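Reader: Hello! I would like a close look at a single part of this protein. Could you pick one helix and walk me through its surroundings?

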Amino acid sequence: MAGKTLYDKLWDSHLVKQRDDGSALIYIDRHIIHEVTSPQAFEGLRLAGRKPWRIDANIATPDHNVPTTPERKGGIEAIADQVSRLQVQTLDDNCDEYGIVEFKMNDVRQGIVHVIGPEQGATLPGMTVVCGDSHTSTHGAFGALAHGIGTSEVEHVLATQCLVAKKMKNMLVRVEGKLPFGVTAKDIVLAVIGKIGTAGGNGHAIEFAGSAIRDLSVEGRMTICNMSIEAGARVGLVAADEKTVEYVKGRPFSPKGAEWDMAVEAWKDLVSDADAKFDTVVELDATQIKPQVSWGTSPGNGAGGGPERTGSGQGNGPGQARLHRPCLEIHGLERQPGDHRHSARSRVHRFLHQLADRRLARRGSDRQGPQGRLDHQAGHRGAGLGPGEGPGRSGRAGQDFPRGRFRMA
């Protein structure tokens, strides 16, 4: 009998019914609720005369509409936006009505919906976890099958503690080796996305494995799994190990006493078998991953620079690290020795100053005489040029780009 992947094990252990059309019913261990995708779900329960099937499997917190300013201490009434205020208040009312545990706005346990589960031990290895938010994949860092669901599915899980789903394919992303200095979990996942593309994980549950993943902290693994979505996958997974167990130990919702010992023993199996078959395998050499620089509107638009040791005379002291920016090369920016501004010879540099020229020409077309010339010169200084210097000509080395003095017309 062929070995199973971690995803296969989690799926099989929660499968309630498999249908001939490929759809299935799976049991949900933990449902995390927030204020944006739950109001219609609760209203649906009321209209159908239903109640949540298993109250203690649900926890809630307001997240997306909670202010980050000091005014939040004033509670819900301090939320300036009317819609945001209504959503938070509605969550409070719904949780009070149905007896669901909620970390309300001024509760010290309130926080980002994907953080409160792990913090409280409500997310545990081997669980199925859902939430009305795509980045629920974050919880997969604990060896849990976790993914986002829609509002109608939120209602279905509340009413039945089950979810209609179709099994995904298995993808293994193996990252072996020691990460270079300055490379983080975010760089790993951006390098993965750069390799497979933002649609590379479509239809797959991605398991991240290899020595570089095992060396990460639990928080680093959460970062990796969180961004599985940006790789096109609904699910990201990391096998449970000693770090996972140590992280969840002693947290409020974690098992206690004899139940803890039983749980830890069961979690030892939350790894892919050595002979497990994956539909897709992607391999990266961790030693070759560099700090990632992204631009544009897609996480797939990026490239790796790297910390480079430079000596004196290059703008850094001896032995200091300087980050190369590959986007500088892509956009034609070649920094000149001793020039701490954007390069005067780059296409972007010329474009900026030509824009300034055109703007000033429009404004000063009826301005003749010395004042018009002064305005023109002031415009160039605002764009980082000295008096008498025109677009495309080099300014004085070391002259900083003045903040707030250059504005696109």
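Author: Happy to: what follows is a walk around helix α5, with its neighbours taken in turn.

The model is a predicted one, so please read every value below as computed from that model.

First, some context. The chain has 409 residues, and 47% of them count as buried. Its secondary structure comes to 13 helices and 16 strands. Of the contacts between residues at least 6 apart in sequence, 70% join residues at least 24 apart.

Now to the helix. The buried residues of α5 are V154, V157, L158 and A159. As a general point, an α-helix has 3.6 residues a turn, so residues three or four places apart point the same way. The partners of the buried residues in α5 are β3 (30-33), α2, β4 (58-60), β6 (128-131) and β8. That list holds a helix and several strands, and I will take the helix first.

Two packed helices are described by the angle between their axes and the distance between the axes. For helix α2 (residues 39-48) and helix α5 (residues 151-160), the axes come within 8 Å and cross at roughly 50°. The two helices are therefore oblique to each other, and their crossing is right-handed. On the α2 side, the contact is made by Q40, A41, F42, G44 and L45, while α5 brings T151, V154, E155, L158 and A159. Sorted by class, this contact has six nonpolar, three polar and one charged residues. V154, L158 and A159 take part in this contact, and they are also on the list of buried residues of α5.

Next come the strands, beginning with the parallel sheet. α5 lies across β3, β4 and β6, and runs at about 130° to β3. These strands belong to an open sheet of five, in the order β5-β4-β3-β6-β7, with parallel pairing. Its edges are β5 (101-102) and β7 (145-148); each has a single partner strand, so one side of each is left without a neighbour in the sheet.

How many bridges pair β6 with the edge strand β7? There are four, and the pairing is in the parallel sense. Within this pair, T128 stands opposite L145 of β7, and V130 stands opposite H147 of β7. L145 and H147 point one way from β7, whereas A146 and G148 point the other way. All of these β7 residues are buried.

The helix also meets a second sheet. α5 lies across β2 and β8, running at about 130° to β8. Here three strands form an open sheet in the order β1-β2-β8, and the pairing is antiparallel. β1 (15-18) and β8 (162-166) are the edges of this sheet; each has a single partner strand, so one side of each has no neighbour in the sheet. On average, neighbouring strands in this sheet are turned by 25° against each other, direction ignored.

Strand β2 (residues 23-27) and β8 run antiparallel and are joined by five bridges. One residue pair to look at is S23, whose bridge partner in β8 is K166. Another helix meets this sheet too: helix α1 (residues 6-14) lies across β1, β2 and β8, running at about 85° to β1.

Finally, let us look at what comes after the helix. α5 is followed by Q161, which is found in the loop between α5 and β8. What is the phi of Q161? The value is near 60°, which is positive in a residue other than glycine. For comparison, most residues other than glycine have a negative phi. Is Q161 buried or exposed? With a relative accessibility of 0%, Q161 counts as buried, since the cut-off for buried is under 20%.

To put the pieces together, α5 packs its buried residues against α2 and against strands that include β3 and β8. The helix lies across β3, β4 and β6 of the parallel sheet, and across β2 and β8 of the antiparallel one. After α5 comes Q161 with its positive phi, in the loop between α5 and β8.

Note on methods: Residues numbered from 1 in each chain as written. Predicted model: local features only at pLDDT ≥ 70, side-chain atom pairs only at ≥ 80, totals over all residues. Heavy atoms only, no water. Axes fitted to C-alpha atoms, helices over the stretch in contact; angles between N-to-C directions. Parallel < 35°, antiparallel > 145°, perpendicular 65-115°, else oblique. Left-handed = near helix turned anticlockwise from the far one by under 90°. Contact = heavy atoms within 4.5 Å. Nonpolar A, V, L, I, M, F, W, Y, C, P; charged D, E, K, R; others polar. Pairing = 2+ DSSP bridges. Buried < 20%, exposed > 50% of the residue type's maximum accessible area, 1.4 Å probe, protein only.
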